Amino acid sequence: MERHRQTSIKPEAWREWLYRQVAENRPLNELLGEILASDGVDENSRAAATFFLDREGESHLLTRDVGRIFLGVDLQCAQCHDHPVIADYYQQDYYGLNAFLNRSSVFTDPQTKQAYVAEKAEGETNFVSVFIDGEKYSAAPHLPGEKPIDEPTFAQGEEYRVKPAKDVRPEPRFSRRAALAEIFAQGQSRQFTRNLANRLWAVMFGRGLVDPVDLNHSDNPPTHPQLLELLTDKLAEMQYDARAFLRELALSGAYQQSHRMPDELLALAPQAEQIVADARAKVSQAEESLAGLSKGSLQLREQISAAEKQLQALEEKEQLSQTMVADAERKLAELIQARDAAAQEAAARDEEAQTVQRLAADAAQVAAKLKDNPLVAETAERLQTHAQQLTAVADEARRQAEQAAAKIPPSEQKAAAARASLAQLAVDRRQTTDRLGSLQNERTSHEIRQAEARRELLAVRAKVQDAELLGEYCQAAADRPDGEQATTAWSRLTQRWSERAFIARLRPLDPEQFGFCVLQATGVLAPRRAAAEKADQDKQGAAGESAPSLSIAVEQAAYKQSERDVQAFLAILSHGEGPAAHEYEATVDEALFLANGRQVGGWLEPRAGSLTERVPQIAEPAAVAEELYLSVLSRLPEDAERAAVVDFLAGRNGEERTAAIQEMIWGLLTSVEFRFNH
Amino acid sequence: MLCRYACRSTDHLLARRAFLGGLVAGAGAVGSGVLRPFSRPALCQELENRRKQILVVFLHGGVSQLESWDPKPGTDTGGPFRAIPTSTPGVHISELLPHTARQMHHLALVRSVNTRENDHAKGKYMMETGRREEAATAYPKLGAVFSRILAPADSPLPGNVHISYGDGGARSNDAAYLGAKYASLVLGGGKPPQNTTRLDGLDAEADQRRNAFRRLADDRFLLARRTAATDAYTYSFEQAQRLMEQRNVFDVTRESESEQDRYGKHDFGRHCLLARRLLEHGVTYVQVTHSNYDTHYENFDFHIEQLGEFDRPFATLIADLADRGLLETTLVVVMSEFGRTPRINDRYGRDHWGTAWSVALGGCGVQKEAVIGKTNANGTAVADREVDHANLFHTYLQAVGVDSTDHIDAGGRPMPLADPSSEPIKELLA
């Protein structure tokens, strides 16, 4: 439970609303969803907006408290940088949560001066780390360690249901805050459910399985991890029915444990050494098995690294081979082109040579007919020479074309070889990738086994400590049962066993519980309840209402009448705002208040129906003892206690007897048992 | 099963307390790997030898540095008052503090404070916690910090007492994560703490009888289970008895008429005398508030009046602490939430001014007669050695021998004692 200063909504209204929700047994997921989503507009459920309005919409304060109260993680230290000592608390997660909340703010209606929650549709969450210079980061809305949520997009100008303007409360079409509330309300976050289960456990047992309840991280694991997972599942299965869940806890063997050490404990004394030895042997086993796993893990890491190197080399080779294939194919294409060009050239030259040969032949015939014409003969001669020359050229061209063609087959072979080599490399690479994948899978399952082994080791080590403390005590008690050593060992043993949940933890009452318990024990509350019941019956009798609402009204009336009395306890015992102190701390103020305060003093004065009026009327001292112990400590006195009461009353009569009874009641009200084991 | 304890002798009780102390520290260390339990053992011996105490005089509303520790006569901002020499050669303060001037050799001045804050509540918070306000974290105030670190656990008197005006008698909640035990006990109007007298109709014998019955019931229960918390609870009733026996410590009328006259019979005089009584009886942290210095109108008249009331009782208190040898182990600080503007406004007032103002210190761990830093000729800016609330907070801790870079365990979380990005004013430390 936490206290907070009130700003916009009266604490009574908030309490009454909460009271109603609890009385109607509203599922916790819905209730918390509404508390986060409420904008305070609906008059009937306006009080739900207290969470937001009391924090004046300060987004960092809200981020911290949503983290703490809804998710069990205090991310405060991750506001300016990743958490310096908690590995799981990242600045990115802080701002992921902040992104759900920082568009919301308090809007005060200018006319009514009433405060509401407003929200904008824009504004990104940017941040820097004070540990890292110059880098800027941004965060999309997400729960710690999870993916950002999907957000709908709207056309420009369509983002708002009610657009921002002067003196207008803007409402976006998509509210990030409501989206967060919805995740909780729908029970979609296991962190949330787990936190609720842990907090409900803490309500009953005075300490969470994860403790502090808002410091859930891997270095602060639950004392009983499987139990917490089971409780988380159950809470979801029970549809977040807090009443049913608390009932289950109340009925559990764990809850009904005694605060006393088991009587048969001393019987273990002779075996204590053996028990310690056995436990130590188990530790050695667990250590060995963990060491084996660690070794295997090392080998795996080496294999993976070798495979990774091989894969990298293959990839490099493949790349090189791809270049070679491309080169060979380009070269082949060039050669083919050259061959074709040479063939064309050869053909052209051949045609040319043939043409001139024909001309030369014709000219030779003409020259034979015109023997005397030297000009013709000369021409025929020249043509003949020319034809010979051209033939030679054509021959040369053909030869070259043949040469070019001859280059093709080797080049073709080369390209084919390059392609084949590339294909082989691809096969190799695929095989290596597959092998790496299976190695990595193996490593994952190995890591899981290692984590299990580590947990096992912690568990057996804890058992060794349990046994050692038992052994220490048994030995010390065997030497000198009353000695300082035995006393010290006993305190350590009981402390340890209660931390390990083998015996019940001592649980100091919180200020309200203490106040109400004193009111109840002194018999001040009962008449108030009776009067409220009567008044309510008179009133409701006429209206003919059903019974359950009746008892709520009665409780509320009795509560209201007692509020000021309880406030007196609060003034002395509460630390003011914020989370309650982690551990109870006795103060001299409390003792002074109980001893000299007019509240407790006044309740010990006899008045109608009160304990100090009732008990003096009992004649039999032993019966007085029973009434005192039943009324104040809710149990019957043991024989020694009965005798102590009889002793205390001896020789005191009349007013003196009443005074003696008052003294005893005060003694029991201020006893350690009343305060710590009520 | 029950444990057969030895008798409840004093020896036993002491040994048990020592053991439980160890138990608590041990639990802290086991509970989380990251936690460093407060490094008290190193301090312990030294503190046992010489118990350190702290006196803070808070001049509420913001005293004018120009009418007190840093006068600027003859300048446009100086106002009408002269500067007078003090018992520290070369150091002058305002003529409004003639008695204090004669005790100046016990004191030191920091004249270069710049807190960059002109809001009363924020300035006060900064000066008392050494930090700026943060939305999601409340820091403990000086008194709570010192009470937690320095106050002896078995003292019947509270470790953190504020003497103020008006009602009181109850705890405030200024200890934040340190726990209610260390919060200040406010003695409104110098009245004793509440619930320290027995109710009418209950005599001492009856009180003893009912406590005896309580112990009887507890003894039986504690055979089965006893923890540090149950021990602290049963012990708190013994403490309550002892506090009631010492109730007279809070009553200044127990001082002789002449002593009361030396301090003056007005509120602040009585409060200073009460502070002396409390310090003499070993209360670790005493804060006296003097109000009100918020002089937006008629600054000079108001300072004649306020400092006229402040001067003699304060100087008497310093002289008495010095005479009794208490000043050697008691750190004295005179602070405000801020100073006042050099500019004199049109109503002869001075306004809020966090930019260049002064704090006076003295006693334990402080370099006597030191003057740290200075402002410019007419006091409108710090001219040398600028410091702020965080530097001062570190300095207070160091002055009484506490490592100000240490952490304190706050319900499972290590919190730095002082702002980790700041440091003490080393040249001010003795």
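# Exercises on a predicted two-chain model

R220(B) and E641(A) form a salt bridge, with 3.5 Å between the closest N and O atoms; the term requires a side-chain nitrogen of Lys or Arg within 4 Å of a carboxyl oxygen of Asp or Glu. This is a predicted model, in which local features need pLDDT of at least 70 and side-chain atom pairs count only at pLDDT 80 or more, while totals for chains, interfaces and linings use all residues. Residues are numbered from 1 along each chain as its sequence is written, chains are lettered from A and ligands numbered from 1 in the order in which they are written, and side-chain values use heavy atoms, with hydrogens and water left out.

**Exercise 1. Describe the interface of chain B and chain A.**

Step 1. Take the contacts, meaning heavy atoms within 4.5 Å. On chain B 59 residues take part, and they touch 74 residues of chain A.

Step 2. Take the buried area, which is the accessible area (1.4 Å probe) that two parts lose on being put together, summed over both. For chain B and chain A this is about 5,900 Å², and carbon and sulfur atoms give 62% of that area.

Step 3. Apply the salt-bridge rule across the interface: it finds 2. One of them is R220(B) with E641(A).

Step 4. Add the scores of the model: ipTM is 0.77 and pTM is 0.74.

**Exercise 2. State where chain B should not be read in detail.**

Step 1. Use pLDDT, the predictor's confidence in each residue, from 0 to 100. The average for chain B is 87, and 87% of the residues score at least 70.

Step 2. Find the weak stretch. Over residues 5-49 of chain B, pLDDT stays under 50, and the model has 56 contacts beyond four places in sequence for them.

Step 3. Draw the consequence. Where pLDDT is low, the predicted coordinates should not be read in detail.

**Exercise 3. Compare the settings of three salt bridges.**

Step 1. Start from the total, which is 79 salt bridges over all chains. Side chains of opposite charge can pair when their charged atoms come close.

Step 2. Place E345(A) and R349(A), whose side chains meet at 2.4 Å, N to O. Because they stand 4 residues apart in helix α10 (residues 272-369) of chain A, about one helical turn separates them; helices (H or I, at least four residues) are DSSP runs, numbered from the N terminus. E345(A) is partly exposed at 39% relative accessibility, and R349(A) is partly exposed at 21%. On this scale buried means under 20% relative accessible area, exposed over 50%, and partly exposed in between (1.4 Å probe, protein chains only).

Step 3. Place D466(A) and R500(A), which form a salt bridge at 2.8 Å, N to O. This pair links distant parts of the chain, 34 residues apart: D466(A) is in helix α11 (residues 374-479) of chain A, and R500(A) is in the loop between α12 (484-499) and α13 (511-521) of chain A. D466(A) is buried at 6%, whereas R500(A) is partly exposed at 21%.

Step 4. Place R214(B) and D218(B), with a salt bridge of 3.8 Å, N to O. Both are in helix α6 (residues 204-224) of chain B, 4 residues and about one turn apart. R214(B) and D218(B) are both buried.

**Exercise 4. Classify two aromatic pairs.**

Step 1. State the rule: rings of Phe, Tyr and Trp (its six-membered ring) pair if their centres lie within 6.5 Å; planes under 30 degrees apart count as stacked, over 60 as edge-to-face and the rest as tilted. The count by this rule is 27 aromatic pairs over all chains.

Step 2. Apply the rule to W14(A) and W17(A). Their centres are 6.1 Å apart with 15° between the planes, and the pair is stacked. The two residues are 3 apart in helix α1 (residues 11-23) of chain A, so about one helical turn separates them. W14(A) is partly exposed at 23%, while W17(A) is buried at 3%.

Step 3. Apply the rule to F192(A) and Y240(A). With centres 6.4 Å apart and planes at 35°, the pair is tilted. F192(A) lies in helix α7 (residues 190-205) of chain A and Y240(A) in the loop between α8 (225-237) and α9 (242-251) of chain A, 48 residues apart. Both F192(A) and Y240(A) are buried.

Step 4. Extend to the cluster. Ring pairs join F192(A) and Y240(A) with F51(A), F70(A) and F184(A).
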